[in-house]
Amino acid sequence: MVATDEELVAKSMAGDTESFNQLVLRWERPIYALAYRVIGRDEDARDVAQETFLRAFRALPGFKGQAKFSSWLYRIALNLCRDWIRRKKRTPLVEMPEGVDIAELAAEQGPVESIEDLVSRQEMSRIVADGMTLLPEEQRTAIVLKEFHGLTFQEIADLQGCPLSTVKTRLYQGLSVLRRHLESQGMTTVEGRRES
Amino acid sequence: MSMTFTCDDKQTLVAYLYGEVDPAERETVEAHLAGCAACAAEVTALGDVRSELGLWAPPDAELGFAIVRNAVRNPVRNAVKRSDAPSAPVLRPARWWNTAPVWAQAAAAVLVLAAGAAIANVQVKSGPDGFSVTTGWMSPALSEPSAGEAGGRRVEGPAVEEWKTALVALEQQLRTEIRSGRAQATRVAAPATPDEATLRRVQQLLAASELRQQRELAMRFIEFSRDVNTQRRADLMKITSSFGEFDERILRQRQMMNNVIRVSSTPQQ
C-alpha cells in the first residue's frame with residue numbers, strides 16, 4: 001500500500017531519511033516543473049528544485065502539519081523562485097528546451113508526424129512560453145499553479161498571500177494578456193486548427 | 001454571489017471557466033452566456049488559451065534528488081544521488097572548480113600566476129628610482145642592465161630560482177595527490193567516501209553533458225532537415241516560376257511565328 005504524504009512526513013520527522021526520499025521522488029517533478037514555468041530556465045529550475053528539498057529537509061522539524069506537505073513545498077519553491085527573480089532583476093527568460101522537445105516528440109511521434117508538424121508544435125510551444133514571460137510574476141505564478149498543478153483558488157490565495165478575489169483577477173488578466181499575445185502571433189483557436 | 005451575472009463580473013467568469021462555481025452560479029452564468037454573444041465569445045477564447053497552454057511542457061529533465069546522511073565530514077545532511085540511477089544531488093551541484101581540494105585550487109592558482117609571469121617575462125628591478133617591474137618578450141642581451149643602470153641590483157635571478165623550486169615541489173605534491181585519489185576511486189569494495197561522491201558527481205555531469213550533446217545533435221539534425229525542406233520548397237517555386245516564364249516565351253514566339261506565316265502567306269499586291 002502506498003504511504004500518504006502525512007505518513008512519510010511523520011516517519012521522516014522520526015529520522016527515517018528514506019521516507020523523506022520517497023517524498024522527494026513523489027514531488028521532485030512537480031516542483032521542478034513549477035520552477036521551470038515560473039523562472040523559465042532549465043538549469044536554474046533544477047537548482048531551485050533541489051534547494052527546495054534541501055530546505056524542506058532542514059526545516060522538517062518545524063513542520064507542524066498545518067498545511068499539506070505539498071503546499072508547504074510549493075511555498076518554499078515559490079519563495080526561492082521569487083528570490084531568483086529578484087536577484088536576477090529580470091523577467092523570466094524562457095529558455096525553450098530546443099533540442100529536448102523536438103527529439104522527444106520525434107521519438108514519440110514516429111514517422112507519422114512530419115518534421116514540419118514537429119517544428120510547428122515547437123513553435124507554438126515557444127509562442128506560449130514567450131507569452132508567459134509578458135506576465136507579471138504574480139499573474140504567471142497564479143496561472144501556473146492553476147493550470148499545471150490544479151490548485152484551487154483558495155490554495156493559490158494562501159500560497160500567494162492575497163485575497164481570493166485577487167487570485168481570480170490575476171488569472172483573468174493573465175489569460176487575457178496571453179489571449180492577445182497568441183492572437184497577435186497568428187495562433188488560431190484550437191477549434192480553428194482542428195477544423196483546418 | 002448574487003444570482004445575477006453582469007458582463008463586467010470577470011471574477012465569476014473566471015470561476016466559471018475553471019469550474020469553481022456552485023450549481024446555482026453555473027446556471028446563472030450559462031443563462032447569461034446564452035444571451036450575450038460577447039461574453040460567450042470571451043469564455044470560448046479564454047478556454048482556447050487554456051488549451052494552448054497545454055502545449056507548454058517543461059523539459060523531461062533527469063532529476064533523481066535524494067538525501068543521505070554524511071556523518072564523516074559533515075554532520076549536516078548531505079545530498080547525493082539515489083541508488084545507481086542517473087540523478088542529481090539535492091545540494092546545489094558543485095561547480096567543477098569547487099570539486100577540487102582547496103590546496104589544489106591554491107596550487108593551480110600559483111601555477112597559473114607563474115605561467116603568466118613566465119609568458120610575460122616579468123622582471124623586478126630595484127635601483128635608485130626604487131623598484132620597477134618590466135614585462136615583455138626581451139632577449140637576455142636586451143634585458144641586461146645598461147651602463148646607466150649599473151648601480152641597479154637585479155633581484156629576479158635567485159628569486160625566480162627559488163620560485164621554480166617551490167613550484168616543482170608543489171607540482172609533484174599535486175601529482176602524488178591526484179595519483180592517490182585515482183587509486184582510491186578504483187578500489188571496488190571501498191566504502192563510500194566524499195571523494196567517491198565527487199567522482200560520481202563528475203560522472204553525472206559527464207552523462208548529463210553527453211545527453212545534452214545528443215539532444216543538441218538531434219536538434220541540429222532537425223534544423224538541417226527543416227532548412228533542406230525550406231530550400232527544396234524555394235527551389236520548387238523557382239522552377240515553377242521558370243517554367244511559367246518559359247511557357248510565356250514559347251507562347252510569344254509561337255504568336256510571332258504565326259504572324260510571320262500569316263504575313264508571308266498573304267499575296268503581295
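Is D42(A) buried or exposed? I looked up its relative accessible area, which is 17%, so D42(A) is buried. The model I am reading is a predicted one.

**Entry 1: the two chains**

I began with the secondary structure of chain A. I counted 10 helices there and zero strands. Read from the N terminus, the elements of chain A run α-α-α-α-α-α-α-α-α-α. I then turned to chain B, which has eight helices and five strands. Its order from the N terminus is α-α-α-β-β-α-α-β-β-α-β-α-α.

I also noted how much of each chain is buried. In chain A, which has 196 residues, buried residues make up 54%. In chain B, which has 269 residues, they make up 25%.

**Entry 2: salt bridges**

How many salt bridges does the structure hold over all chains? I found 13. I examined several of them in chain A.

I returned to D42(A) and looked for its partner. D42(A) forms a salt bridge with R46(A), and the closest N and O atoms are 3.4 Å apart. Both residues belong to helix α3 of chain A, which spans residues 42–59. They are four residues apart, about one turn of the helix.

Next I inspected E123(A) and R126(A), whose side chains meet in a salt bridge at 2.6 Å, N to O. This pair also lies within one helix, α6 of chain A (residues 115–133). Here the separation is three residues, again about one turn of the helix. I checked the accessibility of each partner. E123(A) has a relative accessible area of 35%, so I recorded E123(A) as partly exposed. R126(A) has 29% and is therefore partly exposed as well. I then followed the contacts further and found that E123(A), R126(A) and D130(A) are linked in a network of salt bridges.

The side chains of R82(A) and E137(A) form another salt bridge, at 3.2 Å from N to O. This pair links distant parts of the chain, since R82(A) is in helix α4 and E137(A) in helix α7 (residues 137–147), both of chain A. The two residues are 55 residues apart. Why do I class E137(A) as buried? Its relative accessibility is 19%, and buried means under 20%. R82(A), with a relative accessible area of 23%, is partly exposed.

**Entry 3: aromatic rings**

I searched the whole structure for aromatic pairs and obtained nine over all chains. One of the pairs joins W27(A) and Y74(A): the ring centres are 6.3 Å apart and the planes stand at 80°, so this pair is edge-to-face. The cut-off that this reasoning needs is that planes over 60 degrees apart count as edge-to-face. I located W27(A) in helix α2 (residues 17–39) and Y74(A) in helix α4 (residues 69–88), both of chain A. They are 47 residues apart, and the pair links distant parts of the chain. Both W27(A) and Y74(A) are buried.

I recorded a cluster as well: ring pairs link F63(A), F69(A) and W72(A).

**Entry 4: a charge over two rings**

Which rings have R37(A) over their face? One ring is that of F148(A), with R37(A) at 3.6 Å from the ring centre. Another belongs to chain B: R37(A) lies over the face of W56(B), at 5.9 Å from the ring centre.

**Entry 5: a nonpolar patch on chain B**

I looked for nonpolar residues at the surface of chain B. Which residues make a nonpolar surface patch of about 470 Å²? I listed L236(B), I239(B), F243(B), F246(B) and I250(B). I took I250(B) for a further check. I250(B) is found in helix α8 of chain B, which spans residues 194–265. Its relative accessibility is 30%, so I250(B) counts as partly exposed.

**Entry 6: cysteines**

A disulfide is a covalent bond between the sulfur atoms of two cysteines. I searched all chains for such bonds and found zero. I then checked two cysteines of chain A for burial. C81(A) has 1% relative accessibility, so C81(A) counts as buried. C162(A), at 14% relative accessibility, counts as buried too.

Terms used. Residues numbered from 1 in each chain as written. Chains lettered and ligands numbered in written order. Predicted model: local features only at pLDDT ≥ 70, side-chain atom pairs only at ≥ 80, totals over all residues. Heavy atoms only, no water. Phe/Tyr/Trp six-rings, centres within 6.5 Å; stacked < 30°, edge-to-face > 60°. Buried < 20%, exposed > 50% of the residue type's maximum accessible area, 1.4 Å probe, protein only. Lys NZ or Arg CZ within 6 Å of the ring centre and 35° of its normal. Patch = residues over 30% accessible without salt bridge, like charges linked within 9 Å, V, L, I, M, F, W, Y side chains within 5 Å. Areas by Shrake-Rupley, 256 points an atom, 1.4 Å probe, with all protein chains shown as cover. Salt bridge = Lys/Arg side-chain N within 4 Å of Asp/Glu carboxyl O. Disulfide = S-S within 2.5 Å.
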